[in-house]
Amino acid sequence: MAVPAYDPQNIFAKILRGEIPCSKVYEDDHVLAFNDIAPQAPTHILVIPKGAYTSYDDFAVNASDAEIIAYTRAIGKISAEAGVIENGYRLIANTRDHGRQDVPHLHVHIIGGKKLGLMLPKD
């Protein structure tokens, strides 16, 4: 399956361009992280690459090594700075329709600060 075309009008693209404000918690040359506006736990941070990638599969194939390294290390650093490492946390990256991706720009949710429920309901 081909990766869907990137929509430069998605909300994260607008945040990256400074058109929409965010509650920034981290930024470097390749990564921006900010608090989710509708947090699902005491800690709920979104981590996005600054490049135009729709999903993790797109990022893994098309991002530079520097972007991939920066993104991975930033997620670890942000998790530590948020204080969720000791008790545990969850990383979520939803992808396309079946994965319930709401914004077509790669983003990882760092969620923690409390004991979390099951990832998926049992059938």
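**Exercise 1. The whole chain**

What percentage of the 123 residues in the chain do buried residues make up? Then describe the overall fold of the chain.

*Solution.* The model is predicted, so local features need pLDDT of at least 70 and side-chain atom pairs count only at pLDDT 80 or more, while totals for chains, interfaces and linings use all residues. Residues are numbered from 1 along each chain as its sequence is written, and side-chain values use heavy atoms, with hydrogens and water left out.

Step 1. Fix the term: buried means under 20% relative accessible area, exposed means over 50%, and partly exposed is in between (1.4 Å probe, protein chains only). Buried residues account for 35% of the chain.

Step 2. List the elements. Helices (H or I, at least four residues) and strands (E, at least two) are DSSP runs, numbered from the N terminus. The chain contains 3 helices and 5 strands, and from the N terminus on their order is α-β-β-β-α-α-β-β.

Step 3. Check the compactness. The radius of gyration (taken over C-alpha atoms) is 14 Å, and the globule rule (2.2 Å times the number of residues to the power 0.38) gives a close value of 14 Å for 123 residues, so the chain is as compact as a globular protein of that length. The C-alpha trace spans about 40 × 35 × 30 Å along its principal axes.

Step 4. Look at the contacts, where contact means heavy atoms within 4.5 Å. Of the contacts between residues at least 6 apart in sequence, 54% join residues at least 24 apart.

**Exercise 2. The sheet**

In what order do the 5 strands form the open sheet, and which strands stand at its edges?

*Solution.* Step 1. Two strands pair if DSSP finds at least two bridges between them. The order in the open sheet is E1-E2-E3-E5-E4, with antiparallel pairing.

Step 2. Strand E1 (24–27) and E4 are the edges; each has a single partner strand, so one side of each is left without a neighbour in the sheet. On average, neighbouring strands of this sheet are turned by 20 degrees against each other, direction ignored.

Step 3. Follow the pairs. A hairpin leads from E1 to E2 through 3 residues. E1 and strand E2 (residues 31–35) run antiparallel and are joined by 3 bridges; Glu27 has Leu32 of E2 as its bridge partner. E2 is joined to E3 by 5 bridges, also antiparallel. Here Val31 is partnered by Pro49 of E3, and Ala33 by Val47. E3 and E5 pair in the antiparallel sense over 5 bridges, and Leu46 stands opposite His109 in E5.

**Exercise 3. Strand E3 and its cover**

How many of the 7 residues of E3 are buried, and which helix lies across E3?

*Solution.* Step 1. In E3, 7 of the 7 residues are buried, so the strand is largely enclosed by the rest of the structure.

Step 2. In a regular strand the side chains alternate between the two faces of the sheet. From E3, Thr43, Ile45, Val47 and Pro49 point one way, while His44, Leu46 and Ile48 point the other way; all are buried.

Step 3. Helix H3 (residues 65–81) lies across E1, E2, strand E3 (43–49), E4 and E5, and runs at about 165 degrees to E3. Axes are lines fitted to C-alpha atoms, for helices over the stretch in contact, and angles run from 0 to 180 degrees between N-to-C directions.

Step 4. Turn to E2: 4 of its 5 residues are buried, and the strand is mostly covered.

**Exercise 4. The loop between E4 and E5**

Is His107 buried or exposed? Then examine Arg96 and Arg100.

*Solution.* Step 1. His107 lies in the loop between strand E4 (89–92) and strand E5 (108–112). Its relative accessibility is 5%, so His107 counts as buried.

Step 2. The unreviewed UniProt entry places the feature "active site" at His107. UniProt positions are given in the numbering used here, feature names are shortened, and annotations may be inferred rather than shown by experiment.

Step 3. Leaving aside neighbours within four places in sequence, the contacts of His107 include Phe12, Leu46, Ile48 and Tyr71. A polar atom of the His107 side chain lies 2.7 Å from the backbone oxygen of His105.

Step 4. Most residues other than glycine have a negative phi. Arg96, in the loop between E4 and E5, has a positive phi of about 50 degrees although it is not a glycine. Arg100, found in the loop between E4 and E5, has a positive phi of about 65 degrees.

Step 5. Arg96 counts as partly exposed at 23% relative accessibility, and Arg100 counts as exposed at 66%.

Methods: Polar contact = N/O pair within 3.5 Å; in protein donor to acceptor, adjacent residues only side chain to side chain.
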